[in-house]
Amino acid sequence: LVSLADLEPTILNLAHTEIPISVHARSLLRILKKEDDAGKEFTVTSWPLYNPGEVTMAVDAMERGVQEPLPSTITTKDWTLIYSSYGYISELYHLPSDPRQEKNVIQDHPQVAKELHSRFISQLKEEGTENRLLAPRRSL
């Protein structure tokens, strides 16, 4: 698994430019050179994290109030968890049997959802996510 965010450090790596510490992705150069074929165990796709009541300009230069947290997608080879914040509906899909993600199976596989959520929270902590953003996301 790789993600779109991995393109920035890959391009910087190809240009022999230092990758800033603020970049939370990894270069794909080792994979492209066939020195590594592991990819990632999971990947996260997400809007910037906001809490309800905050203001964002994530779409364009217009300030907009956040009404509810936007979801993040945590994906492994077999599963996708769509999660935004505690108290909001989460969804879990088994990709091999449901590649179009049409049947939410979170009730049938709560341990899988908990594991993916735990990985998500661990990544947010590793990246130094502010507690005001982390706190409402600590529980599934």
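A polar atom of the D6 side chain lies 3.1 Å from the backbone nitrogen of R26, a polar contact if the pair meets the usual terms (N or O atoms within 3.5 Å; within protein, one able to donate a hydrogen and the other to accept it, with residues adjacent in sequence counted only if both atoms are side-chain atoms). This is a predicted model, in which local features need pLDDT of at least 70 and side-chain atom pairs pLDDT 80 or more, while totals for chains, interfaces and linings use all residues. Residues are numbered from 1 along each chain as its sequence is written, and side-chain values use heavy atoms, without hydrogens and water.

D6 sits in the segment before α1 (7–14); helices (H or I, at least four residues) and strands (E, at least two) are DSSP runs numbered from the N terminus. D6 counts as buried because its relative accessibility is 0%, the cut-off being under 20% relative accessible area with a 1.4 Å probe and protein chains only. Beyond neighbours within four places in sequence, D6 is in contact (heavy atoms within 4.5 Å) with A25, R26, S27, L28 and K40.

Elsewhere there is an open antiparallel sheet of 4 strands, ordered β1-β4-β5-β6. β1 (43–46) and β6 (91–94) are the edge strands, each pairing on one side only; pairing requires at least two DSSP bridges between two strands. Between β1 and β4 (residues 72–75), 4 bridges are found, and V44 stands opposite I74 in β4.

Helix α3 (residues 110–126) lies across β1, β4, β5 (79–83) and β6, at about 65° to β5. Such angles run from 0 to 180 degrees between N-to-C directions, with axes fitted to C-alpha atoms, for helices over the stretch in contact.

Technical notes: Buried < 20%, exposed > 50% of the residue type's maximum accessible area, 1.4 Å probe, protein only.
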